[in-house]
Amino acid sequence: MLWQGAKPGTPSLADRARALPRMLGGALTGRYSILTKGRIGLLVLAVAYLLSPVDLVPEALFSVFGLLDDGVVALWLGGALLVETERFLNWESQGRPTVVDGELAGA
């Protein structure tokens, strides 16, 4: 999944970074219902895990092997952000269809 961020025709990393606040705002207000609050929670937990000072204990005890858990979480987070931002940018470029009670409005 991470290699998709560099494919020709896909949004640049700068475009994806600029889309993050819009995507999160739209998801939290319900305008962008594709990104669920549960998925947002997982993304937040992954960031918190990577930034947590408690996570320094495995690195201190197991050296390089303690970094493996960080690597797995970081790869998952990077891949998830690439997928979600591309999905959001595609949704945005298609005129932001509105979903009302499980049906597309105006369809």
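Here is a short chat about helix α1, P11 and a nonpolar patch in this predicted model.

Reader: How far apart are the end C-alpha atoms of helix α1, and what should its 17 residues span?
Author: Helix α1 covers residues 13–29. At 1.5 Å a residue, those 17 residues should span 24 Å, so the expected figure agrees with the model, where the end C-alpha atoms sit apart by 24 Å.

Reader: Where does α1 bend?
Author: Look for the proline: P21 follows within four residues of the spot. The bend comes to about 35°, and the residue is A19.

Reader: Which helices do the buried residues of α1 pack against?
Author: The buried residues of α1 are R16, A19, M23, G26 and A27. A19 is thus both on this buried list and the site of the bend. The partners of these buried residues are α2 (37–51) and α4 (64–93).

Reader: Is P11 buried or exposed?
Author: P11 lies in the segment before α1. In space, P11 is 6.9 Å from E86, C-alpha to C-alpha, though they are 75 residues apart in sequence. The cut-off for buried is under 20% relative accessible area. P11 has 16% relative accessibility, so it counts as buried.

Reader: Which helix gives the most to the nonpolar patch?
Author: The patch is about 590 Å² of surface, made by V57, L61, F62, F65 and L68. Both α3 (56–62) and α4 supply at least two residues. One of the patch residues, V57, is in α3 and counts as partly exposed because its relative accessibility is 47%. With three residues, the top contributor is α3.

Definitions and conventions
Residues numbered from 1 in each chain as written. Predicted model: local features only at pLDDT ≥ 70, side-chain atom pairs only at ≥ 80, totals over all residues. Heavy atoms only, no water. Expected span 1.5 Å × (residues − 1). Bend = angle between axes of the 7 residues up to and from the residue. Buried < 20%, exposed > 50% of the residue type's maximum accessible area, 1.4 Å probe, protein only. Contact = heavy atoms within 4.5 Å. Patch = residues over 30% accessible without salt bridge, like charges linked within 9 Å, V, L, I, M, F, W, Y side chains within 5 Å. Areas by Shrake-Rupley, 256 points an atom, 1.4 Å probe, with all protein chains shown as cover. Salt bridge = Lys/Arg side-chain N within 4 Å of Asp/Glu carboxyl O.
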